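The exercises below are worked on a single protein chain, one step at a time. Try each task on the coordinates before reading its solution.

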Amino acid sequence: MHYFRPTLFVLLLSTLLLGACTGYQKLLKSSDVNKKYEAAIQYYEKGDYFKAGTLLEDLLPLLKGRPEAEKAEFYFANTNFRQRNYTLGAYYFKSFADTYPNSQYAEEANFLQAKSLFRDSPEWELDQTNTYSALESIQEFINRYPTSTFRPEAENMSQELQKKLELKAYQGAKLYYNLRYYQSAVVALGGFQQQFPASAFNEEAEYLKVSAQYDLARESVEEKQRERYLEVQSFYQHFIDTYPQSRRLKEAEKMFIDAQAQAAKLKPAEPTAAK
């Protein structure tokens, strides 16, 4: 019976891996620019973006002024994108587009710069500075290449980012309501509706304005209550006119009926005597 020798297996595996890496390691140390460039392109075309990118990064200073530089710089930018190094990818695509504005790769570089920024956009809960940068870059691409085959994807990216900003704005406005800052909630929800008039959140925002105004009226000092209950009625009327099939109608109606009753009990505020 032959027993498996783990140490022998590890030794054989290490030898094979070392042999496989030898060619690449030699290329890294090589001063043969042409050989290194050809290998980098081969690695790139095989989808080995790490090795291609490492070789190209070494080559770029050596290729300045040579015809291969243009392709090498575009490929290097794309190796970063392909490895999900989106911040670096965006930087190198922009650098490429600025350096080679008439290149055959210029349109794709501008698109991939925008796409890199799109991919680098954070979740909606976080700061959205990168999202605004991505939207600006996407719009610049669409303006520059209105008939581009990349335009549909660029427009889809823009819509997705807009939805993210929309969600953040809505949640920010709703937070005032959840924290019981009702007056601020009414203002913020109204501002959200103005900023995003076609938002799917507008029905809920309209309902929350009724609810926030109602709670504000209930918690107000007596001299302000009547005016605020009347505002509840105005918000309610706008809500049912805009969303007559809303699932929130019954809840809103209860607040409306109580607001009517409370306002009827309260006397109009006495006008302030002129001094």
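**Exercise 1. Fold pattern and overall surface**

Task: State which pattern of elements the protein chain follows along the sequence, and how many helices and strands it has.

Solution.
- Step 1. In this predicted model, the protein chain reads α-α-α-α-α-α-α-α-α-α-α-α along the sequence.
- Step 2. The count is 12 helices and zero strands.
- Step 3. Of the 275 residues in the protein chain, 41% are buried.
- Step 4. The accessible surface of the protein chain is about 17400 Å², and carbon and sulfur atoms account for 52% of that area.
- Step 5. Take the contacts between residues at least 6 apart in sequence: 56% of them join residues at least 24 apart.

**Exercise 2. Helix α10 and its span**

Task: Compare the end-to-end reach of helix α10 with the expected value, and determine how many of its residues are buried.

Solution.
- Step 1. Helix α10 covers residues 202-219, which is 18 residues.
- Step 2. The expected span is 1.5 Å times one less than the number of residues, and for α10 this gives 26 Å.
- Step 3. From first C-alpha to last, α10 reaches 25 Å, close to the expected figure.
- Step 4. Helix α10 is mostly covered, with 15 of its 18 residues buried.

**Exercise 3. The surroundings of Q193**

Task: Locate Q193, decide whether Q193 is buried or exposed, and list the partners of its side chain.

Solution.
- Step 1. Q193 belongs to helix α9, residues 182-195.
- Step 2. The relative accessible area of Q193 is 14%, so Q193 is buried, the cut-off being under 20%.
- Step 3. The side chains of Q193 and E206 make a polar contact of 2.6 Å.
- Step 4. The Q193 side chain also reaches the backbone oxygen of N202, at 3.5 Å.
- Step 5. Leaving out residues up to four places away in sequence, Q193 touches N202, A205, E206 and K209.

**Exercise 4. The surroundings of Q128**

Task: Find where Q128 lies, why Q128 counts as buried, and which backbone oxygen its side chain reaches.

Solution.
- Step 1. Q128 sits in the loop between α6 (106-119) and α7.
- Step 2. Q128 counts as buried because its relative accessibility is 3%.
- Step 3. The Q128 side chain reaches the backbone oxygen of E123 at 2.8 Å.
- Step 4. With residues up to four places away in sequence not counted, Q128 touches S121, P122, E123, K164, L165 and K168.

**Exercise 5. A salt bridge within α8**

Task: Give the closest N and O distance between E155 and R151, and explain how the two residues are placed in helix α8.

Solution.
- Step 1. E155 and R151 form a salt bridge, with their closest N and O atoms 2.7 Å apart.
- Step 2. E155 and R151 are four residues apart in helix α8, so about one helical turn separates them.
- Step 3. An α-helix has 3.6 residues a turn, so residues three or four places apart point the same way.
- Step 4. E155 is partly exposed at 31% relative accessibility, and R151 is partly exposed at 27%.

**Exercise 6. The salt bridges of R248**

Task: Identify which residues R248 meets in salt bridges, and which residues make up the network.

Solution.
- Step 1. R248 and E204 meet through their side chains in a salt bridge of 2.7 Å, N to O.
- Step 2. This pair links distant parts of the chain: R248 is in the loop between α11 (222-242) and α12 (249-265), while E204 is in helix α10, 44 residues apart.
- Step 3. R248 and E204 are both buried, R248 with a relative accessible area of 17%.
- Step 4. R248 also forms a salt bridge with E251, at 2.8 Å, N to O.
- Step 5. E251 counts as partly exposed, at 35% relative accessibility.
- Step 6. The network of salt bridges links E204, R247, R248 and E251.

**Exercise 7. A nonpolar surface patch**

Task: Name the residues of the nonpolar patch on the surface, and place L179.

Solution.
- Step 1. The patch consists of L175, Y176, L179 and Y181, which together have about 410 Å² of accessible area.
- Step 2. L179 lies in the loop between α8 (151-178) and α9.
- Step 3. The relative accessibility of L179 is 46%, so L179 counts as partly exposed.

Methods
Residues numbered from 1 in each chain as written. Predicted model: local features only at pLDDT ≥ 70, side-chain atom pairs only at ≥ 80, totals over all residues. Heavy atoms only, no water. Buried < 20%, exposed > 50% of the residue type's maximum accessible area, 1.4 Å probe, protein only. Polar contact = N/O pair within 3.5 Å; in protein donor to acceptor, adjacent residues only side chain to side chain. Contact = heavy atoms within 4.5 Å. Patch = residues over 30% accessible without salt bridge, like charges linked within 9 Å, V, L, I, M, F, W, Y side chains within 5 Å. Areas by Shrake-Rupley, 256 points an atom, 1.4 Å probe, with all protein chains shown as cover. Salt bridge = Lys/Arg side-chain N within 4 Å of Asp/Glu carboxyl O.
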